[in-house]
Amino acid sequence: MIYNTKTFYAVGQGGFYSERIWSNGMDYTIVYDCGAVVDKSLEGPTIELGNAIDNSGFERIDFVVISHLDEDHINGLKKLNRYVNQIGQKRPPVLILPNPTPLDRLLFFSSVSIKTMEIFFDIISNQPVLCISSEGDNDETEIALNADWKKGMNNPFSHNRVFTLFGCTDCSEKWLLKFYVDRSKYALQFDLLLKKEPALIDLIKSIKSIKDFEFSKEKLVRAYKKISEKGKTYGDKNWSSMAMISAPFIHDMQTRNCERGVESPYISWMNGDIRLKDDNEMLAIEQHFADFLSLNIDFQIPHHGSHNNLGRIPAFNRRVRTYIWAGEDNQYGHPNGTILRMLKRAGLKINWITENDSHIVRHEKWL
């Protein structure tokens with residue numbers, strides 16, 4: 001039997017999610033994204049995010065998964081790291097993020113505040129980091145994440161790998177994480193432009209400390225503006241992002257739990273700000289996660305319900321609950337009315353999580 005408790009924290013415009021999975025004396029805690037729109041009065045993440053971290057009750061955090069390097073998804077990491085130190089955790093959590101392209105780094109450097117950069121450099125210098133790439137081996141070989149993650153420190157793992165938290169090939173109970181790294185057409189187009197700017201590539205690679213960043217910040221902003229003006233598709237500034245599915249991976253267990261009807265538990269499909277606007281993008285992620293579409297799914301709507309990031313509903317085969325992190329009366333127009341109407345027409349349960357709501361906690365039991 002596997003127990004799973006997951007929490008969608010009410011932080012408004014941002015993202016903060018956790019799961020605790022345990023079975024036969026083993027347990028793991030995973031955090032997916034940790035950020036919120038900056039509170040201007042505090043010049044930092046919102047009070048709601050800080051309170052959510054302080055009151056999370058985490059006994060240990062094993063893995064922190066970052067969907068992408070956007071401020072409202074990462075600016076709570078310093079607070080989270082402080083919490084880890086306060087509870088006396090001896091080994092820092094493994095930070096898992098999509099392997100950044102030169103464009104990703106340029107967009108990150110040119111858009112975030114110096115304070116967020118300080119947080120980022122502090123985190124990556126004090127935590128083990130595992131990068132996931134959209135390219136590489138197509139083999140879906142399983143990897144024991146709690147033992148083999150070090151192999152991806154220098155050479156990124158392909159997102160085609162299946163990462164097991166516990167269990168083995170012959171085990172009756174096994175839990176996995178599977179990732180999907182989107183490299184949008186927007187990012188690919190700008191990568192081609194970047195290849196024509198070797199001096200800029202060298203500048204991006206030279207940013208290895210907060211001092212480097214502060215010294216080059218203005219140059220990076222000018223370079224980003226110059227390159228973005230050349231791009232015909234410039235407009236929506238969302239770049240490579242990483243989705244994650246957290247689920248059991250035993251066919252018999254999946255079948256047995258599906259047969260429980262309304263009592264059947266839900267797996268988690270988290271999307272960050274991934275772009276699933278056109279049908280080819282949706283088909284690619286559906287194919288990647290095809291083994292899980294027959295299960296009940298808790299599905300996070302990409303990019304706070306923006307219509308620029310979701311063109312249609314995935315081809316779900318069972319019950320679906322949807323989640324949207326968006327601030328109350330936020331200035332971005334999230335969630336978009338088109339998305340809300342789409343979800344309503346599909347008959348899906350909508351959970352719009354603002355900073356004024358309560359956290360949503362789900363308890364699942366896999367037999």
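A residue is called buried here when its relative accessible area is under 20%. By that cut-off, buried residues make up 57% of the 367 residues in this protein, which is shown as a predicted model.

**Figure 1. Overview of the protein, with its twelve helices and 18 strands.** The exposed area comes to about 16,200 Å², and carbon and sulfur atoms supply 49% of it. Among contacts between residues at least 6 apart in sequence, 73% join residues at least 24 apart. Across the whole structure, there are 18 aromatic pairs and twelve salt bridges.

**Figure 2. Close-up of the salt bridge between Arg321 and Asp298.** The closest N and O atoms of the two side chains are 2.6 Å apart. Arg321 belongs to strand S16 and Asp298 to strand S15, so the pair ties together parts that are 23 residues apart in sequence. Both Arg321 and Asp298 are buried. The two residues are also members of a network of salt bridges that links Lys6, Asp298, Arg321 and Glu364. In addition, the charged end of Arg321 sits over the ring of Tyr266, 3.6 Å from the ring centre.

**Figure 3. Close-up of the salt bridge between Arg312 and Glu286.** The N to O distance in this pair is 2.9 Å. Arg312 lies in the loop between strand S15 (296–300) and strand S16 (320–325), while Glu286 is part of helix H11 (residues 279–288); the pair therefore ties together parts that are 26 residues apart in sequence. Arg312 has a relative accessible area of 25% and is partly exposed. Glu286 has a relative accessibility of 8%, under the 20% limit, so Glu286 counts as buried.

**Figure 4. Close-up of Arg20 with Asp27 and Trp22.** Arg20 forms a salt bridge with Asp27, in which the closest N and O atoms are 3.7 Å apart. The charged end of Arg20 also sits over the ring of Trp22, at 4.5 Å from its centre. Arg20 is partly exposed, with a relative accessible area of 31%. Asp27 is partly exposed as well, at 22%.

**Figure 5. Close-up of the surroundings of Gln300 in strand S15.** Gln300 has a relative accessible area of 5% and is buried. Setting aside neighbours within four places in sequence, the residues in contact with Gln300 are Tyr32, Trp269, Met270, Asn271, Gly272, Tyr323 and Trp325.

**Figure 6. Close-up of a cluster of aromatic rings.** Ring pairs link Tyr180, Trp269, Phe289, Phe299 and Phe316. Trp269 is also one of the residues in contact with Gln300.

**Figure 7. Close-up of a nonpolar surface patch that includes Leu367.** The patch measures about 240 Å² and is made by Met1, Tyr3 and Leu367. Leu367 is located in the segment after strand S18 (360–366). With a relative accessible area of 35%, Leu367 is partly exposed. A patch residue must have over 30% relative accessible area, so Leu367 passes that cut-off.

Definitions and conventions
Residues are numbered from 1 along each chain as its sequence is written. This is a predicted model: local features need pLDDT of at least 70, side-chain atom pairs count only at pLDDT 80 or more; totals for chains, interfaces and linings use all residues. Side-chain values use heavy atoms; hydrogens and water are left out. Patches are made of residues with over 30% relative accessible area and no salt bridge: like charges are joined within 9 Å, nonpolar side chains (Val, Leu, Ile, Met, Phe, Trp, Tyr) within 5 Å. Accessible areas come from the Shrake-Rupley method with a 1.4 Å probe; for residues, only the protein chains shown count as cover. A salt bridge is a side-chain nitrogen of Lys or Arg within 4 Å of a carboxyl oxygen of Asp or Glu. Helices (H or I, at least four residues) and strands (E, at least two) are DSSP runs, numbered from the N terminus. Buried means under 20% relative accessible area, exposed over 50%, partly exposed in between (1.4 Å probe, protein chains only). Rings of Phe, Tyr and Trp (its six-membered ring) pair if their centres lie within 6.5 Å; planes under 30 degrees apart count as stacked, over 60 as edge-to-face and the rest as tilted. A charge sits over a ring if NZ of Lys or CZ of Arg is within 6 Å of the ring centre and within 35 degrees of the ring normal. Contact means heavy atoms within 4.5 Å.
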